[in-house]
Each structure stands twice: as C-alpha cells, then as structure tokens.
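Good morning, and thank you for joining. Please look at the sequence and the structure, which I shall now put on the screen.

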Amino acid sequence: MNIYELAKIIDAEVDSKYYKVRVKDFKIDTRLIKHNDVFIAINDGHKYLNNIKKCKAIIVENDFQKEGIPVLKVKDTKEALKQIAIYKRLNYK
C-alpha cells in the first residue's frame, strides 16, 4: 500500500510528494515501530510523537509535523485504524 491509497482509505490529506511512499505495517506502540511502519497515535500515543525516530508515516488527530515523514491528520485515529483493518481484511488474504 502507498501513502496515497492510505490517505484515501482514512479520508486524510497528505502532501503529494509522499504519494508513492510504500508502507508495510501499522503500529500503535512507538517502541515497536520498524522502518516501513505507520504509527497511529491512539489515545495517549500523541504524547510520544516526538520520540519517533523511524517510520514511513504518522497518523494523528492534532497538527503535529515531523520533518521528512508524512503526517496524516484525521478526526479520530481509532476510526482510521478501523478503516485500515476493514480495507486490509477485504483486499488481502
């Protein structure tokens, strides 16, 4: 999946320069993030955004910015996670 597809799934805006960036997995714990993962800030996960060193994208509810990493802002990160899960369930075996 690329960032453009992800943004469409969760109804988020993202800078077009990131559209082709490919992502592999999704994490809600900053301690478990790997290089190709997307971090989804659920509940108090927003407190740990500045600790993130590596990831392909971040999904947040606030106006957070991180140099060189696409940040997708949504109304509700739990709903975004749900939409991602539904999409993956329907489109991957």
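Let me first fix the residue classes: Ala, Val, Leu, Ile, Met, Phe, Trp, Tyr, Cys and Pro count as nonpolar, Asp, Glu, Lys and Arg as charged, and the others, Gly among them, as polar. This is a predicted model, in which local features need pLDDT of at least 70 and side-chain atom pairs count only at pLDDT 80 or more, while totals for chains, interfaces and linings use all residues. Residues are numbered from 1 along each chain as its sequence is written, and side-chain values use heavy atoms, without hydrogens and water.

I begin with the largest pocket (an open set of points on a 1 Å grid over the protein atoms alone, where a 1.4 Å probe fits, with protein on both sides within 12 Å along at least five of seven lines; lining residues have an atom within 4 Å of a point). Its lining consists of I28, D29, T30, R31, F39, I42, D44, G45 and Y48. By class, four of these are nonpolar, two polar and three charged.

F39 leads us to the strands (DSSP runs of E, at least two residues). In strand β3, F39 has I58 as its bridge partner. Strand β2, residues 37–40, pairs with β3 in the parallel sense over three bridges; pairing requires at least two DSSP bridges. On β3, A57 and I59 on one side and I58 and V60 on the other are all buried, that is, under 20% relative accessible area with a 1.4 Å probe, protein chains only. V60 stands opposite K73 in β4.

Conventions. Buried means under 20% relative accessible area, exposed over 50%, partly exposed in between (1.4 Å probe, protein chains only). Helices (H or I, at least four residues) and strands (E, at least two) are DSSP runs, numbered from the N terminus.
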